[in-house]
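Thanks for coming, everyone. Please bring the model up on your screens, and I will walk you through a few places in it.

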Amino acid sequence: MKDNAHPVVNVVMYHYVFDADDNDFNHLKGITTDMFRSQIDILAKEYSFISALDYLDYIEDGKQLPPKACILSFDDGTSDHYRHVFPILQELGIPGYFSIVTSAIQDRQPLFVSLIHNILESFRPQDICQKMNSIISDKYPAHPKLSLDHAYMGYPYDTKERAAIKYQVNYCWNPSITQAIVSDFYSRFVEPLDVFVDKFYLDWDQVLEMEANDMVIANHSHRHSAYSLLSDDEIADDLKKSGEYIRDKITNTRSLRFFTYPYGTKGSFNGSTIDIVKDFKYKIAFSTTRGQNDARVDLLRLKRNSTSDLPS
Ligand SMILES: [Zn+2]
């Protein structure tokens, strides 16, 4: 395999994709199916859509790829991917890459990142702060309080207050305590968690139907915690559990070579995380660092571009 023969691989990252009348999702930050279709049209002018498995075949066996290839990737295993994305990809013959979180699908536990997205769209930042801090005072008196003044530049599409909330819960607090605090908030002020989980996440039947129709199912961790906040043993445990759940269900074992880092930002994993990911035999790991992948690609830090950066 000659370096200069490496194709350009543009991986595009999506989260929520909904129909205008989908009340479970249309209040969230995401895109409509019409916008999704028009982004595909734009991408198709420049790129050929390939499966992540084609890329693996290229890496491992030198399988020929088009010079400018594109992989569409969908994170977090939410049910909009089955209801809205899967039919469109099937219609257009595009094999998507879907990263699932096994605590949601297997254990029916919500990801706190999804609860936070819903809470942010249902309450004003000041009210979130007041409600969350009352839970913290009540149950975790030694825990730091939520503050709206925490400056963080990593969320260009959020207001300063929303960015402050997301930064603290995603990157500063112990993930287990965050899970407990945010779950308590959601079930107290919005709706029971089992109601939320059933409407919000894929189930195994949906995952397997998608896989049987050329979609690639990949591991996005068991608990969706930033790996930088976990010990090496906790990371290994998270990878082991999620890997086993997925291996026991899916058909195509070559998909077990893919991992998608929770959050995927530079600060959410590091060199020692990558060593552990390698120990678990992952070959290609997707980050959220922007950019295309060319001959200089680091396969365990694959770059992706955000749908929010594309015209729609
Ligand atoms: Zn994610």
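**A short tour of helices, loops and a strand**

Let me start with a single residue, H224. Is H224 buried or exposed? H224 is buried, because 27 C-beta neighbours sit inside 10 Å, and 20 are enough to count. One caution before we move on: this is a predicted model.

Where is H224 in the chain? It lies in the loop between β7 (216-219) and α11 (232-249). Its backbone deserves a look too. H224 is not a glycine, yet its phi is positive, about 55°.

There is another residue of this kind, Y263. Its phi is also positive, about 70°, and Y263 is not a glycine either. Find Y263 in the loop between β8 (258-260) and α12 (271-279). Y263 is buried, because 23 other C-beta atoms lie within 10 Å of it.

Now to helix α6, residues 125-139. It has 15 residues. From first C-alpha to last, α6 reaches 21 Å. That is close to the 21 Å expected at 1.5 Å a residue.

Which residues of α6 are buried? They are I128, M132 and I136. Look at the spacing in the numbering. An α-helix has 3.6 residues a turn, so residues three or four places apart point the same way. In α6, the buried residues cover an arc of only 60° around the axis, so they are on the same side of the helix. Turn the helix over. On the other side, Q126, D127, Q130, S137 and D138 are exposed.

What do the buried residues of α6 pack against? Three helices: α5 (112-122), α7 (160-172) and α8 (175-189).

Take one residue from that buried side, I128. I128 lies in helix α6. It counts as buried because it has 21 C-beta neighbours inside 10 Å. Which residues does I128 contact, leaving aside neighbours within four places in sequence? I119, F123 and I165. Follow the contact with I165. I128 and I165 are 37 residues apart in sequence, and their C-alpha atoms are 8.7 Å apart in space.

Next, the neighbour α5. Nine of its 11 residues are buried, so α5 is largely enclosed by the rest of the structure. The buried ones are F112, V113, S114, L115, I116, H117, N118, I119 and L120. What covers them? The cover includes α6, α7, α8 and α9 (193-200).

On to a pair of helices. Two packed helices are described by the angle between their axes and the distance between the axes. Here the pair is α1 (residues 33-46) and α3 (residues 80-92). Their axes come within 11 Å and cross at roughly 35°. The crossing of α1 past α3 is right-handed. Which residues make the contact? From α1, we have T33, F36, R37 and I40. From α3, we have H84, I88 and L92. By type, that contact holds four nonpolar, two polar and one charged residue.

Now a strand. A285 belongs to strand β9, residues 284-286. A285 is buried, because it has 23 C-beta neighbours inside 10 Å. Beyond its neighbours within four places in sequence, A285 is in contact with F259, Y261, V277, L300, R301 and L302. Compare its place with that of H220. The two are 65 residues apart along the chain, and 9.7 Å separates their C-alpha atoms.

Further along, see T307. T307 is in the segment after β10 (305-306). Is T307 buried or exposed? Buried, because T307 has 21 C-beta neighbours inside 10 Å. Not counting residues up to four places away in sequence, T307 touches V12, M13, Y14, I31 and Q39. As for K166, it is 141 residues from T307 in sequence and 19 Å away in space, C-alpha to C-alpha.

Last stop, N213. N213 lies in the loop between α10 (204-212) and β7. N213 counts as exposed, because it has 11 C-beta neighbours inside 10 Å, and 12 or fewer means exposed. N213 and L89 are 124 residues apart in sequence, and 9.8 Å apart in space, C-alpha to C-alpha.

That is the tour. Thank you.

Notes:
Residues numbered from 1 in each chain as written. Predicted model: local features only at pLDDT ≥ 70, side-chain atom pairs only at ≥ 80, totals over all residues. Axes fitted to C-alpha atoms, helices over the stretch in contact; angles between N-to-C directions. Helix = DSSP H or I, 4+ residues; strand = E, 2+ residues; numbered from the N terminus. Left-handed = near helix turned anticlockwise from the far one by under 90°. Contact = placed C-beta atoms within 7 Å. Nonpolar A, V, L, I, M, F, W, Y, C, P; charged D, E, K, R; others polar. Expected span 1.5 Å × (residues − 1). Arc of directions from axis to C-beta.
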